[in-house]
Amino acid sequence: VHAQSSASVEEEQLRKEQMQAYQAALNQLQPKLREVLVLCGLEGKSYSEVAALLGVPVGTIRSRLNTA
């Protein structure tokens, strides 16, 4: 049982470190790039949904994702 909880603690620590690294990487992006990455990548919205939300063409969404 102790090994199980130790593994769980290690997994939680690894997950926490990964989230911190991901957040640090996102913070380095320009806001326009970050918002598209979050909306498409994390929230799972389609390119057309994001384009409508932001009031820009779908091609702009693709470009921003490519740049990010």
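Reader: At what distance, N to O, do the side chains of Lys-45 and Glu-43 meet in a salt bridge?

Author: This is a predicted model, in which local features need pLDDT of at least 70, side-chain atom pairs count only at pLDDT 80 or more, and totals for chains, interfaces and linings use all residues. Residues are numbered from 1 along each chain as its sequence is written, and side-chain values use heavy atoms, with hydrogens and water left out. A salt bridge requires a side-chain nitrogen of Lys or Arg within 4 Å of a carboxyl oxygen of Asp or Glu, and for the side chains of Lys-45 and Glu-43 the N to O distance is 4.0 Å.

Reader: Is Lys-45 buried, exposed or partly exposed?

Author: Buried means under 20% relative accessible area and exposed means over 50%, with partly exposed in between, using a 1.4 Å probe and protein chains only. Glu-43, with a relative accessible area of 48%, is partly exposed. The relative accessible area of Lys-45 is 29%, so Lys-45 is partly exposed.

Reader: How many salt bridges does the structure hold?

Author: Side chains of opposite charge can pair when their charged atoms come close. Lys-45 with Glu-43 is one such pair, and Arg-15 with Glu-12 also forms a salt bridge. The number of salt bridges that the structure holds is three.

Reader: Which helix holds both Arg-15 and Glu-12?

Author: Helices are DSSP runs (H or I, at least four residues), numbered from the N terminus. The closest N and O atoms of the salt bridge between Arg-15 and Glu-12 are 2.7 Å apart; Arg-15 counts as partly exposed because its relative accessibility is 44%, and Glu-12 is partly exposed at 40%. The two residues lie three positions apart, about one turn of the helix, and the helix that holds both, spanning residues 2-28, is H1.

Reader: Glu-35 and Arg-64 also meet in a salt bridge; which relative accessibility makes Arg-64 count as buried?

Author: The side chains of Glu-35 and Arg-64 meet at 3.9 Å, N to O, and the pair links distant parts of the chain, with Glu-35 in helix H2 and Arg-64 in helix H4, 29 residues apart. Glu-35 counts as partly exposed at 32% relative accessibility. Arg-64, in contrast, counts as buried because its relative accessibility is 15%.

Reader: At roughly what angle do the axes of H2 and H4 cross?

Author: Two packed helices are described by the angle between their axes and the distance between the axes. Here the axes are lines fitted to C-alpha atoms, for helices over the stretch in contact, with angles running from 0 to 180 degrees between N-to-C directions; under 35 degrees counts as roughly parallel, over 145 as roughly antiparallel, 65 to 115 as roughly perpendicular and the rest as oblique. H2 and H4 are therefore roughly perpendicular to each other, their axes coming within 9 Å and crossing at roughly 100°.

Reader: Which class do H3 and H4 fall into, given that their axes cross at roughly 105°?

Author: The axes of H3 and H4 come within 8 Å and cross at roughly 105°. The class of H3 relative to H4 is therefore roughly perpendicular.

Reader: How many charged residues does the contact of H2 with H3 have?

Author: The axes of helix H2 (residues 31-42) and helix H3 (residues 47-54) come within 10 Å and cross at roughly 135°, which makes H2 oblique to H3. In this contact (heavy atoms within 4.5 Å), Glu-35, Val-36, Leu-39 and Cys-40 of H2 meet Tyr-47, Val-50, Leu-53 and Leu-54 of H3. Ala, Val, Leu, Ile, Met, Phe, Trp, Tyr, Cys and Pro count as nonpolar, Asp, Glu, Lys and Arg as charged, and the others, Gly among them, as polar. By class, the contact has seven nonpolar and no polar residues, and the number of charged residues is one.

Reader: Which residues does Leu-53 touch, leaving aside its neighbours within four places in sequence?

Author: Leu-53 lies in helix H3 and counts as exposed because its relative accessibility is 55%. Outside its neighbours within four places in sequence, Leu-53 is in contact with Leu-39 and Lys-45.
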